[in-house]
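Please open the model in your viewer and keep the sequence panel beside it, since each stop on this tour begins with a selection.

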Amino acid sequence: MAIFGKERLGIDLGTANTVISVANKGIALREPSLLAVEKQTQKVVAFGREASRMEGRTSDNYELIHPLQHGAIAHFSYTKQMLAHFMSASLKYSYSKPEVVLTAPCDLSKVERKAIIDSIRDLGINRAMIVEAPYAVALAAGLEVEQARGKMVVDIGEGTTDIAVISYGETVKSLTLKQASGSMNDKIAQAVRNEHQLLIGDYTAETLKIVLGNALYETDDQDHLLVRGRSVAQGVPSQAKVSAALVAEAINEVIGQILLGIRQVLEQTPVELSADLLETGILLSGGGCLLKRLATRIEGEIGIPVRSYDYPFDAAAIGAGKLFDQLNYQSKQIERQARL
């Protein structure tokens with residue numbers, strides 16, 4: 001039982017959301033990566049969903065802070081407090097020091113890795129490791145990462161898109177893009193402002209992306225959505241009918257950057273591993289992969305089979321939790337070979 005042993009946590013510390021899985025138990029927590037701070041005292045008064053509910057509904061005495069920006073930690077102190085709160089909520093009945101695997105973008109430097117590890121060890125962590133997000137997704141999906149065969153993972157998060165080719169237990173080639181799901185929201189909000197002179201928030205932009213967004217927009221699609229915001233000219237509440245065509249045009253640039261990134265990684269990948277991808281295909285994960293017909297567009301333009309992970313929001317956290325099992329398996333294999 002966990003109360004007598006060490007709990008093992010897989011933590012996907014994302015720009016928009018934090019997901020925590022407990023090994024052999026499943027997802028324990030999904031919360032926005034957000035906290036509310038009282039400006040005068042700099043004291044944190046709310047985390048996650050509770051902080052999110054305060055957005056736009058409090059006085060100027062409080063500030064909402066996203067401690068992570070584009071996959072990187074922007075505020076270490078607030079990130080530590082947020083992690084401590086979320087881990088405590090995930091381990092309600094455990095009194096042991098947990099072991100933690102934390103996901104990170106592929107381009108995280110050694111200095112940044114050490115800073116993150118040092119920070120979370122201050123929270124009383126027994127053992128801490130960092131794994132690249134695409135590798136964790138591959139573990140979650142049950143891909144045979146130990147085989148000397150190429151597998152590609154494209155993890156489209158809120159702040160970054162991580163693209164990686166994995167073979168023989170390691171990442172062979174990878175690329176991290178700042179163009180991701182959040183960038184699509186920004187482009188949509190900008191397009192609505194330009195077209196309708198209407199200011200909308202991120203929540204409304206996200207809604208437009210979910211309802212009207214389509215990676216393969218067809219001109220006969222005449223869908224519209226009525227959205228509310230604030231008039232740019234008059235500064236008063238206003239509304240407008242936003243078309244699917246406008247949304248498709250807005251997000252197309254971001255999709256193009258992701259496609260370009262996939263091509264760049266493929267160009268740098270050894271020929272033998274590239275050939276494997278014709279059979280193993282591309283695995284999509286992260287909230288951005290839920291964009292309608294994105295897999296179809298990538299497959300059509302790249303020419304490699306594409307599929308999406310069944311639980312894209314949880315993939316990285318689930319895979320991080322499985323890393324301990326993989327490490328134990330590897331150590332047993334090494335021990336077995338040493339005895340031969």
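What follows is a walk through the model, one selection at a time.

This is a predicted model, in which local features need pLDDT of at least 70 and side-chain atom pairs count only at pLDDT 80 or more, whereas totals for chains, interfaces and linings use all residues. Residues are numbered from 1 along each chain as its sequence is written, and side-chain values use heavy atoms, with hydrogens and water left out.

**A three-stranded sheet and its helix**

Begin by selecting β4, β5 and β6, which form an open sheet in the order β5-β4-β6 with antiparallel pairing; strands here are DSSP runs of E with at least two residues, helices are runs of H or I with at least four, and both are numbered from the N terminus, while two strands pair if DSSP finds at least two bridges between them. The edges are taken by β5 (43–47) and β6 (62–65), each of which has a single partner strand, so one side of each is left without a neighbour in the sheet. Direction ignored, neighbouring strands of this sheet are turned by 30 degrees against each other on average; axes are lines fitted to C-alpha atoms, for helices over the stretch in contact, and angles run from 0 to 180 degrees between N-to-C directions. Strand β4 (residues 35–38) pairs with β6 over four bridges in the antiparallel sense, and if you select Ala36 you will find Leu64 of β6 opposite.

Now add helix α2, which packs on this sheet and touches β4, β5 and β6, with its direction at about 45 degrees to that of β5; contact means heavy atoms within 4.5 Å. Within α2 (residues 76–90), select Lys80, which is partly exposed with a relative accessible area of 24%; buried means under 20% relative accessible area, exposed over 50%, and partly exposed in between, with a 1.4 Å probe and protein chains only. Not counting residues up to four places away in sequence, Lys80 touches Ser119, Asp122 and Leu123.

**An enclosed helix**

Move next to helix α4 (residues 133–140), where eight of the eight residues are buried, so the helix is largely enclosed by the rest of the structure. The buried residues of α4 include Tyr135, Val137 and Leu139. Just after α4, select Gly142, which takes a positive phi of about 75 degrees.

**Two hairpins**

Strand β12 (residues 161–167) pairs with strand β13 (residues 170–177) in the antiparallel sense over seven bridges, and Ile163 stands opposite Leu175 of β13. Two residues lie between the strands of this hairpin, in which Tyr168 takes a positive phi near 55 degrees.

For the other hairpin, select β15 and strand β16 (residues 237–243), which pair in the antiparallel sense over seven bridges; here Leu225 stands opposite Val242 of β16. Five residues lie between these strands, and Gly235 in this hairpin takes a positive phi near 70 degrees. Strand β15 (residues 224–231) also pairs with strand β14 (residues 198–199), again in the antiparallel sense, over two bridges, with Arg230 in β15 as the bridge partner of Leu199.

**The nonpolar cores**

Which residues have the most contacts inside the largest nonpolar core? In this core of 42 residues they are Met152, Val154, Leu208, Ile262, Ile282 and Ile298; a nonpolar core is a set of buried Ala, Val, Leu, Ile, Met, Phe, Trp, Tyr and Cys residues joined through side-chain atoms within 4.5 Å. Elements that give two or more residues to this core include β11 (151–156), α5 (181–196), α6 (202–212), α7 (244–268) and β17 (282–285), and the largest share, twelve residues, comes from α7. Select Ile262 and, leaving out residues up to four places away in sequence, you will find that Ile262 touches Met152, Val154, Ile163, Ile282, Ile298 and Ile302. Apart from this core lies another, of 28 residues, among them Leu13, Phe86, Leu102 and Ile117.

**Helix α9 and an aromatic pair**

In helix α9 (residues 294–302), select Arg297, which is buried with a relative accessible area of 12%. Neighbours within four places in sequence aside, Arg297 is in contact with Ala215, Leu216, Asn252, Ile255 and Leu259.

Finish with the one aromatic pair that the structure holds. Tyr309 and Tyr311 form this pair, which is edge-to-face, with 6.4 Å centre to centre and 70 degrees between the planes; rings of Phe, Tyr and Trp (its six-membered ring) pair if their centres lie within 6.5 Å, and planes under 30 degrees apart count as stacked, over 60 as edge-to-face and the rest as tilted. Tyr309 counts as buried at 13% relative accessibility, whereas Tyr311 counts as exposed at 53%.
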